[in-house]
Structure formats: structure tokens, C-alpha cells
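Subject: Structure for you to look through

Dear colleague,

I am passing on the structure we talked about, and my notes follow beneath it. Please read them with the coordinates open beside you.

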Amino acid sequence: MKKTILLAMLFAAAIGVASAQEPRLEDLHDQTILVFTPHPDDDVFGAGGTIALLNRNHNKVYIVIYTNDDKGSYDLEMDSQRLARIRKAEEEVSEGLLGTPTENISWMGYDDGMLEYAPQPKLVEEATAIIRRVRPDVLLSVDPGEWYERWHKTDHRMAAFNTVDAVRAAEFWLYFPNQRLEQGLQPYRVPVMYFFYPSPQEANYWVNIDSVFDLKVEAATKQVSQFDPAVEKYRPDWEPAALAGVKEEFKKQHPMKDGHYVEAFRRATGFIQY
Ligand SMILES: [Zn+2]
């Protein structure tokens, strides 16, 4: 009997199933939440509803963006510096609608599409310092994702792997010991992580975002330059008809579960869990 219970517990831990006592992510209050995102839109598209719920519950939400997203435009008149400025402004408006203050958004400043070619020790050291400084109760990050993201979105892969490597490093002070010796950053163990953009086979946690769904759609469509027609030929605003069409499409394509709008996550309780 005992063995059966032990096995069940081990199994639950291995697949990251929340125990009955643990509060749901969307019910957390007054906690510190740290979100790592490869680009300044994945946090909104992948977890915007959850972020809105967390902000509504007076949690402190910090967003860290790996890249400045300065390449993804087909507009031949566009340049990288301008695009980075546009994407930054859009992200601030977008996250602001979800309740995240601008001062809680930080930019690691890597070039779009180049994260995989950045010096890896530096990349993981920087993310480790952020984790040790913010000391989150909950960490959200991107997963390598579904097939499309996994194979064609270099920054998603790298941000996913780098964040988990930093979670591991943050626990053991001998990784980057100067962070403790010179900056007073103590080691930190992240208690729980939720990865957005999980593959369907690996998703194990769903947050009902019905109550903030319209807000999420509004926030997502503030990222004007990510959508047609502005991604083809930049314009700072929408034609009303185009906006209505995009919102409709967004709603149609948004993941649903049991008749509710949901955001899917892979929940894990440590870097060795999966
Ligand atoms: Zn992205």
C-alpha cells in the first residue's frame, strides 16, 4: 500500500501535477512572478490572459525580454533600430493593458534571431543574475514549443533552454560565484515554473482566461507591427475593418478547453522535472 502511494507521488512529481493543496496559478496573490520571453509578443500571445489575472490579484509581475525583435518586418523602408523602438513601445502598451507597469519590463537587448549565436556563458550568467535578484515565487518561460517553434524559431529554442539552465545555475552559488561575492546576490531555488507554448503532448496545466479574454485580444492587437498589414508595410495603427478581422481570427484560433478560453502550460517544479 505504502509503495503504491509512494509510486503515485513520484509519478505526480515527475509529470508536474499540482497537489490539491497548492493554489492554482490564477489564484495566487501578492507573489513575485518572473516571465522570460524571447520576443516582445510571445508573453502576451502565450500567457497574456494569465499575466492579466496575476496582475489583477496584486502579484508583482516582471517581464524579461531576451531580444529586441528588430528583424521581423517585410517593409523595405524599415530599419532595425526603428523596428526595435516600435516593438518596445508596442510591448509597453500591450503589457500595460494587462496591468504590468513599464518599470517592471526589462530588455536583455539581443538581436532578433541571433540569440542562439550569442555567447552562451554570458547569456546564462545574465539570466541567472536576474533570477537571483528577482527571487520569483513563480517563473514563466517559453518552451521550445510545438513543431513549428521547435524547428523554425531559433530564439524560442534558445530562450527556453537558456532560462532552464539559468534556473539550475541560480540554485548553486558556485555557478557565477562573483554574483554573490561582488553583488551580494544569494543563490535561489525557483519553486515552480510554467512554460507557455508547450507541445500538446507535454501540456499539463490550463488556465481559464474567460474573464480577461477580451483584454488579452485588445493587448495582443496593440502589437500592430506583428500583424498584416503593418508587418508588410509599416503603419502605426489599424483600419477599423482590418482590426475587427484580426480580432475575429484571433478568437477563432485561440486554444479552448471544455468550452473555455485557456492558456496551456507545461508545469514543472524543478530543472530536473519534465
Ligand atoms: Zn517569438
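In which hand, left or right, does α2 pass α8? The crossing of α2 past α8 is right-handed. Before the details, please keep in mind that this is a predicted model, and that everything below was computed from it.

The helix pair in that question is built from α2, residues 42-56, and α8, residues 213-220, whose axes come within 9 Å and cross at roughly 135°. With that crossing angle, α2 is therefore oblique to α8. On the α2 side the contact is made by Val44, Phe45, Gly48, Gly49 and Ala52, and on the α8 side by Phe213, Leu215, Lys216, Ala219 and Ala220. Sorted by character, the residues of this contact comprise seven nonpolar, two polar and one charged.

As for the chain as a whole, there are nine helices and eight strands, and of its 274 residues 41% count as buried. If one takes the contacts between residues at least 6 apart in sequence, 80% of them join residues at least 24 apart.

A second helix pair is formed by α4, residues 120-134, and α6, whose axes come within 8 Å and cross at roughly 60°. That angle makes α4 oblique to α6, and here too I can give you the hand, since α4 passes α6 in a right-handed crossing. From α4, the residues Leu123, Val124, Ala127, Thr128, Ile131 and Arg132 meet Asn162, Thr163, Asp165, Ala166, Val167, Ala169 and Ala170 of α6. The contact of α4 with α6 divides into eight nonpolar, three polar and two charged residues.

Two of the residues just named, Ile131 and Val167, lead on to the interior, where the largest nonpolar core has 56 residues and where Val35, Val64, Ile131 and Val167 are those with the most contacts inside it. Helix α6, residues 154-171, gives the most to this core, with eight residues. In soluble globular proteins, nonpolar side chains tend to be buried together. Ile131 is worth displaying by itself: once its neighbours within four places in sequence are left aside, Ile131 is in contact with Leu34, Pro136, Ala166, Val167, Ala170, Tyr188 and Val190.

I then went through the backbone. Most residues other than glycine have a negative phi, and most peptide bonds are trans. Phe176, although not a glycine, has a positive phi of about 50°, and this residue is found in the loop between α6 and α7. Phe176 has 22 other C-beta atoms within 10 Å, and so it is buried. Tyr197 likewise has a positive phi, near 60°, in a residue other than glycine, and lies in the loop between β5 (193-196) and β6 (205-208). Tyr197 counts as buried because it has 26 C-beta neighbours inside 10 Å. The peptide bond from Asp228 to Pro229 is cis, with omega near 0°, and Pro229 lies in the loop between α8 and α9 (240-253).

Finally, I looked at two individual positions. Which residues does Trp173 contact, if neighbours within four places in sequence are left aside? They are Arg180 and Pro187, and the C-alpha atoms of Trp173 and Pro187, 14 residues apart along the chain, are separated by 5.1 Å. Trp173 lies in the loop between α6 and α7 (178-183), and counts as partly exposed because it has 16 C-beta neighbours inside 10 Å.

The other position is His260, which lies in strand β8, residues 260-268. Why does His260 count as partly exposed? His260 does so because it has 14 C-beta neighbours inside 10 Å, a number that falls between the cut-offs of 12 or fewer for exposed and 20 or more for buried. Not counting residues up to four places away in sequence, His260 touches Asn208 and Asp210. The C-alpha atoms of His260 and Asn208 are separated by 6.4 Å, although these residues are 52 apart along the chain.

With best wishes

Definitions and conventions. Residues numbered from 1 in each chain as written. Predicted model: local features only at pLDDT ≥ 70, side-chain atom pairs only at ≥ 80, totals over all residues. Axes fitted to C-alpha atoms, helices over the stretch in contact; angles between N-to-C directions. Helix = DSSP H or I, 4+ residues; strand = E, 2+ residues; numbered from the N terminus. Parallel < 35°, antiparallel > 145°, perpendicular 65-115°, else oblique. Left-handed = near helix turned anticlockwise from the far one by under 90°. Contact = placed C-beta atoms within 7 Å. Nonpolar A, V, L, I, M, F, W, Y, C, P; charged D, E, K, R; others polar. Core = buried A, V, L, I, M, F, W, Y, C linked by C-beta atoms within 7 Å.
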